[in-house]
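Biologist: I would like to learn how to read the features of a structure slowly, one after another. Could you take me through them, giving the general idea before each case?

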Amino acid sequence: MREGKRRSRWRRGLLVLCLGAALLAATPPFSFGRGEEEKGKDSLRDVLQSLLLPDLDGNNVSIGSFLGEGPVVLDFWATWCKPCLLAMPELQELYAELAPRGLRVVGINEDGPRNATKVRPFLQTNGYTFPVLLDLNREAQQRLHAIALPTTLVLDKDGVVLHSSFGYRPGETAKLRSLLEPHLTPKSE
Amino acid sequence: MKRAALCCVAAALGLVPASAWPQITFSNLLEGRVGKDPQDPRPAVPDDRATFFDQFHLDWARDALLLGFRFEHYVASEDASLGYSEFVQRYAAWQDRGLEVRVGNFQALFGRGLVLRAFELPGVVREEQFRQFGYSRDLDGGQVRYRRGSLDLMALTGQPRRADEPPGTERRGLASGAQAAGQLVKGLRLGGEYLRLDPQDGGPTTHIPGGFAQVAFEPWLSRLGLRALTLGAYGEYAHAIDLDPSASVSPDVDPDEGRALYVGTDVSLPLFLPGLRAAASWEYKDYDNFALPGTVNEPPTLVREHTMALLNRSTHVLEPAQEEGYQFEARLDWRQRADLTLNWSRAENSDSRRFEEFFAELAGHRGLFTLSLFADLAEDGSAIPPVRERETYGTYAVVPLHGDHSLEIELARMRGSRDSSPADIPFEDRYASLTWAWAERISLGVVTTSTDDPGDPGAGEPDPSTGRYPRQDFTSVGARLRLARHHDLLGFWGKRRGGIACTAGTCYVVPAFDGAGLQLLTRF
């Protein structure tokens, strides 16, 4: 019986290998190059377009709908996550300062059904004005490989990942300014 | 059938337009450890037990097609039979204009999880039966979902996985169901749900219909000129029919029936003092015989999930088989410089067991500087042994230093007693942590905690003269290093205390550990 189990495991492995080979065959030469002509490869546009999460009123919003105008900061956070809470005032400051120049900040809340009712009161009392979507069942966290909280993803307007980080240390969000600057509309004189 | 589906997907790749670039994303969690659980019951397990765990997750997307898998590998030095290499998830999905068709492993949520919640906790590594594996309670089968605006239609069928069972464990039972939700009028969203659970072992097939409503009162409030006020409410009710009567716990319903009710409201309002904002939420639960077969559901707990270390591990674990209770939380904020959080949670279980907690936290902020003081009073009749008159006090601070450096400090003390005969046994937990961080580079921390709690997994034997248990000390150092753009390296050395840990609303048991470990997180 153990022999049979081992054989079935091998067969399963072989099947996945075949599938992997088919995937690679259908993939153009793979690299993480950042040239303009290769941008399509690194863009998460299609992934983000297909990721629909409810806003605080239950309306489904595509994360991809925030692309197109300027850089986008996706912040995965939760009300019980201490480093997430420390990062949020910095994020709000960044948003308030740079939104007129095209920056979009989107909070992806990972509290789940247990704390969903507390999210709006938390945002309102802290004066956070950037949009927040509820990832009630961790769909976005899984799909965007946010394997720790907080996870911060910075995307350009086409959905190309400019920066990703796990965790937070005081002062880090403010340091994103220099990364974002080339992607923002120029300051008006 | 699954093999045929995968072959179809492989064949379909040839039909995808060659001009489109595929999007490949992957992450990897690698953990190596040397050391052991001091309470490991197996004889002759060496102190230098070595384990290696790796979880690799890859997604390949091209236009509307998504393919992915998750592979886990585990090796333990003391027993080769504990090791495994498994594709714990593999899936194919087609997504276009709000329509998604998926085969293989998937997560799903009906309403707020009273009836169905198949999910995972990314990044959490469970330790059960001397093995490590990712936390997953997914379904293996198929799902069709259509979402547009507030409309959400979903039908699914799949075999559930228990989160405490290692990969390779045969799945039992079949869950099939559907959910439909949509906005009826502006501000009012209604939904209906139905789940059928077939145990596939000759037991009764359970049917669970339910429904939910979400109301946002802003459209009506703004008509009354109350634009600054926000008010929302959510309610969900579900009824289980044909449950196994031998598993019945609640005396309030028939043995083959179950019911669950959840109601939550939230309100936010500006106060009359300049810069002062207030908000509150209130939630109510009443669950009877609702620990559904196959652990396919996870109703909201309604107990505060704390950020502070001692409180986070001392929480109440929901008993959906019979629990009633409520939670009230209020927040006051003054110009983002000072805030006050008040929480009151209460849960009543069968046999008159009761959990009750009052929590208050006052915090001040100035730039990156934060200082908070908190106090917590609780009683937990559902703990084993029950906890009486538990008091916790503590402080937490973040102090910015020169340049990009900062210090983080947490101090807490918990005192209480465990129910015992002839007299209750007092205990005291102490916790202190100090972390130095350098933004975007590194953080180094030291954590020390000690306890003489009789309920701790390593409590030992009491002193015959005093009745008190010996004090256990746990000290560890940890480091986190950012390696280039895609990697984070975490190190641990010392003793870790075992017990309950809660992540994202879900609680699970973490064994104690004495040794050293390294974890590498990678994301592309």
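Modeller: Let us begin with burial, and please keep in mind that this is a predicted model. A residue is called buried when its relative accessible area is under 20%; in this structure A:Phe122 is buried, and A:Tyr128 is buried as well.

Biologist: What kind of aromatic pair do A:Phe122 and A:Tyr128 form?

Modeller: For aromatic rings one looks at the distance between the centres and at the angle between the planes, and an angle that is neither under 30 degrees nor over 60 counts as tilted. The pair of A:Phe122 and A:Tyr128 is tilted, with 6.1 Å from centre to centre and 50° between the planes. B:Phe26 and B:Phe56 also form a tilted pair, with centres 5.6 Å apart and planes at 45°.

Biologist: Which parts of chain B does the pair of B:Phe26 and B:Phe56 tie together?

Modeller: B:Phe26 belongs to strand β1 (residues 23–36) of chain B and B:Phe56 to strand β2 (residues 50–62) of chain B, so the pair ties together parts that lie 30 residues apart in sequence. B:Phe26 counts as buried because its relative accessibility is 16%, whereas B:Phe56, at 22%, is partly exposed. These two residues are also members of one aromatic cluster, which is formed by B:Phe26, B:Phe56, B:Phe69, B:Phe71, B:Phe87 and B:Phe524. Over all chains, the count comes to 20 aromatic pairs.

Biologist: How should I read the surroundings of a single residue, and what does B:Tyr146 touch?

Modeller: One asks where the residue sits, how accessible it is, and which residues lie beside it although they are not its neighbours in the sequence. B:Tyr146 is placed in strand β9 (residues 139–148) of chain B, and with a relative accessible area of 26% it is partly exposed. Leaving aside residues up to four places away in sequence, B:Tyr146 touches B:Arg97, B:Gly98, B:Leu99, B:Leu151, B:Asp152 and B:Leu153. B:Tyr146 and B:Val101 are separated by 45 residues in sequence, while their C-alpha atoms are 8.8 Å apart in space.

Biologist: Is B:Asp376 buried or exposed?

Modeller: B:Asp376 counts as buried, because its relative accessibility is 0%. This residue lies in strand β20 (residues 369–380) of chain B, and its side chain is joined to that of B:Arg390 by a polar contact of 3.1 Å. Not counting residues up to four places away in sequence, B:Asp376 touches eight listed partners in the model, among them B:His306, B:Glu357, B:Phe359 and B:Thr392.

Biologist: Now I would like to turn to salt bridges. Which residue of chain A does B:Glu410 meet in a salt bridge?

Modeller: Here one looks for a side-chain nitrogen of Lys or Arg within 4 Å of a carboxyl oxygen of Asp or Glu. The side chains of B:Glu410 and A:Lys82 meet in this way, at 2.4 Å from N to O. Since B:Glu410 lies in strand β22 (residues 405–418) of chain B and A:Lys82 in helix α4 (residues 82–98) of chain A, the pair joins two chains, and both residues are buried.

Biologist: With which residue of chain B does the side chain of A:Arg120 form a salt bridge of 3.2 Å?

Modeller: That partner is B:Asp266, and the pair crosses from helix α5 (residues 112–126) of chain A to strand β15 (residues 257–270) of chain B. A:Arg120 is buried at 10% relative accessibility, and B:Asp266 is buried at 8%. A:Arg120 also meets B:Glu218 in a salt bridge, with 3.7 Å from N to O.

Biologist: How many salt bridges are counted between chain B and chain A, and how much area is buried there?

Modeller: Seven salt bridges are counted between chain B and chain A. The area buried between the two chains is about 8100 Å², of which carbon and sulfur atoms give 55%, and 110 residues of chain B are in contact with 78 residues of chain A.

Biologist: Finally, how many helices and strands does chain A have?

Modeller: Chain A has seven helices and seven strands, and buried residues make up 61% of its 189 residues.

Technical notes:
Residues are numbered from 1 along each chain as its sequence is written. Chains are lettered from A and ligands numbered from 1 in the order in which they are written. This is a predicted model: local features need pLDDT of at least 70, side-chain atom pairs count only at pLDDT 80 or more; totals for chains, interfaces and linings use all residues. Side-chain values use heavy atoms; hydrogens and water are left out. Contact means heavy atoms within 4.5 Å. Buried area is the accessible area (1.4 Å probe) that two parts lose on being put together, summed over both. Rings of Phe, Tyr and Trp (its six-membered ring) pair if their centres lie within 6.5 Å; planes under 30 degrees apart count as stacked, over 60 as edge-to-face and the rest as tilted. Buried means under 20% relative accessible area, exposed over 50%, partly exposed in between (1.4 Å probe, protein chains only). Helices (H or I, at least four residues) and strands (E, at least two) are DSSP runs, numbered from the N terminus. A polar contact is a pair of N or O atoms within 3.5 Å; within protein, one must be able to donate a hydrogen and the other to accept it, and residues adjacent in sequence count only if both atoms are side-chain atoms.
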